[in-house]
Amino acid sequence: MRHVVERHLGKVVAGGSLAVAATALLLAVTLPSRPDTGVRGDPAGTASQDAVAPAGKVEAAPREKEHGIGSDPLTDAETARAEKIALRGSGMSAAARDVEGDRGPQRIATNLAEDPTGRGVRRAEIIYYDYKANVTTTRTVDLGTGEVTATTTARHVQPPPSREELTEAARVLIADPHGKGLEQDYRKATGKNLTGPSELDLSGFVFRKETVERLPAALETCGEHRCLQVVAKVRNGPWIDTRAFVVDLSARSVSRLG
């Protein structure tokens, strides 16, 4: 009896071995081969992980075209041409004054204007501020025909400040007695004396007197005058809070809120 059982178990074991071998053969045939992620003998692919990628190649930016298409941003050539056309025959060059008091209006911005025709006509909208008359003038130029198609002039309209205006506002603040705190904070941050706006990163916004409950008397004309609040930052350094000061660029004066 014992003999028979041993022979029977032997058959079972042998049959199981054949089944495992058959299964392994089937897997080898049906499963996709594993990608070679490393060198031979490196199944984990660690060699490829340590490999150095080839150096990147820096290519020159494509040359900008003379004219944009459709709603493309204005090219440099279009911007320069539109600004030249906008001043032609306007009379602003002689009568107006810019933020520094020089002859000619202060250009605030040049933007691509909407095309009401829907035919892909490209137009530029140039915004100026005249510090002599305290008026905002917007001129629309058809870039195809080279003609000024619209001109609007308005008082009490204050567009966002330009970079030149923020620089001049900071210069006025630094020269004013109210700017002593700015100079002290700059010296604490850098150990150097503040000599001009070029040593600061500047941003800012138009002052709206309607947002202030207790308005200093000197700021009553803001809205008619060009009044800005400057936000200053030490280059590669901390911010300096100057929001309590309002610079009236039309009167070239500084007032403190609160």
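**Disulfide, salt bridges and helix packing in the predicted model**

Cys-222 and Cys-227 form a disulfide, with their sulfur atoms 2.1 Å apart. The structure described here is a predicted model, and the count of disulfides in it comes to 1. A disulfide is a covalent bond between the sulfur atoms of two cysteines. The torsion about the S-S bond of Cys-222 and Cys-227 is about -85°, and the disulfide is therefore left-handed. Both partners fall below the limit for burial, which is set at under 20% relative accessible area: Cys-222 is buried with a relative accessible area of 4%, and Cys-227 counts as buried at 1% relative accessibility.

The protein chain as a whole contains 6 helices and 9 strands. Of its 258 residues, 34% count as buried, while the area that the chain exposes is about 16,900 Å², with carbon and sulfur atoms supplying 54% of that area. When contacts between residues at least 6 apart in sequence are considered, 49% of them join residues at least 24 apart.

A search of the whole structure finds 7 salt bridges. Side chains of opposite charge can pair when their charged atoms come close. One of these salt bridges is formed by Glu-78 and Arg-122, whose closest N and O atoms are 2.7 Å apart. Glu-78 belongs to helix 3 (residues 76–87), whereas Arg-122 is found in the loop between strand 1 (106–113) and strand 2 (123–130), so the pair ties together parts that are 44 residues apart in sequence. Both Glu-78 and Arg-122 are buried.

A further salt bridge pairs Glu-168 with Arg-252, and here the closest N and O atoms are 2.4 Å apart. This pair links distant parts of the chain, since Glu-168 lies in helix 5 and Arg-252 in the loop between strand 8 (245–248) and strand 9 (253–256), 84 residues apart. The two partners differ in their accessibility, in that Glu-168 is buried with a relative accessible area of 4%, whereas Arg-252 is partly exposed with a relative accessible area of 40%.

The salt bridge between Arg-243 and Asp-241 has its closest N and O atoms 2.9 Å apart. In this pair Arg-243 is partly exposed, with a relative accessible area of 48%, and Asp-241 counts as exposed at 54% relative accessibility. Salt bridges that share partners also join Glu-168, Arg-171 and Arg-252 into one network, so that the pairing of Glu-168 with Arg-252 described above forms part of this network.

Helix 6 was examined for the placement of its buried residues. In this helix, which spans residues 180–190, the buried residues are Leu-182, Glu-183 and Tyr-186. These residues cover an arc of only 100° around the axis, and they therefore lie on the same side of helix 6. The buried residues of helix 6 pack against helix 5 (163–175) and against three strands, namely strand 5 (200–206), strand 6 (227–234) and strand 7 (239–240). Helix 5, one of these packing partners, is also the helix that holds Glu-168 of the salt bridge with Arg-252. Just after helix 6, Gly-191 takes a positive phi of about 75°.

Conventions:
Residues are numbered from 1 along each chain as its sequence is written. This is a predicted model: local features need pLDDT of at least 70, side-chain atom pairs count only at pLDDT 80 or more; totals for chains, interfaces and linings use all residues. Side-chain values use heavy atoms; hydrogens and water are left out. Helices (H or I, at least four residues) and strands (E, at least two) are DSSP runs, numbered from the N terminus. Buried means under 20% relative accessible area, exposed over 50%, partly exposed in between (1.4 Å probe, protein chains only). Contact means heavy atoms within 4.5 Å. Accessible areas come from the Shrake-Rupley method with a 1.4 Å probe; for residues, only the protein chains shown count as cover. The arc is that of the directions from the helix axis to the C-beta atoms. A salt bridge is a side-chain nitrogen of Lys or Arg within 4 Å of a carboxyl oxygen of Asp or Glu. A disulfide is a pair of cysteine sulfur atoms within 2.5 Å.
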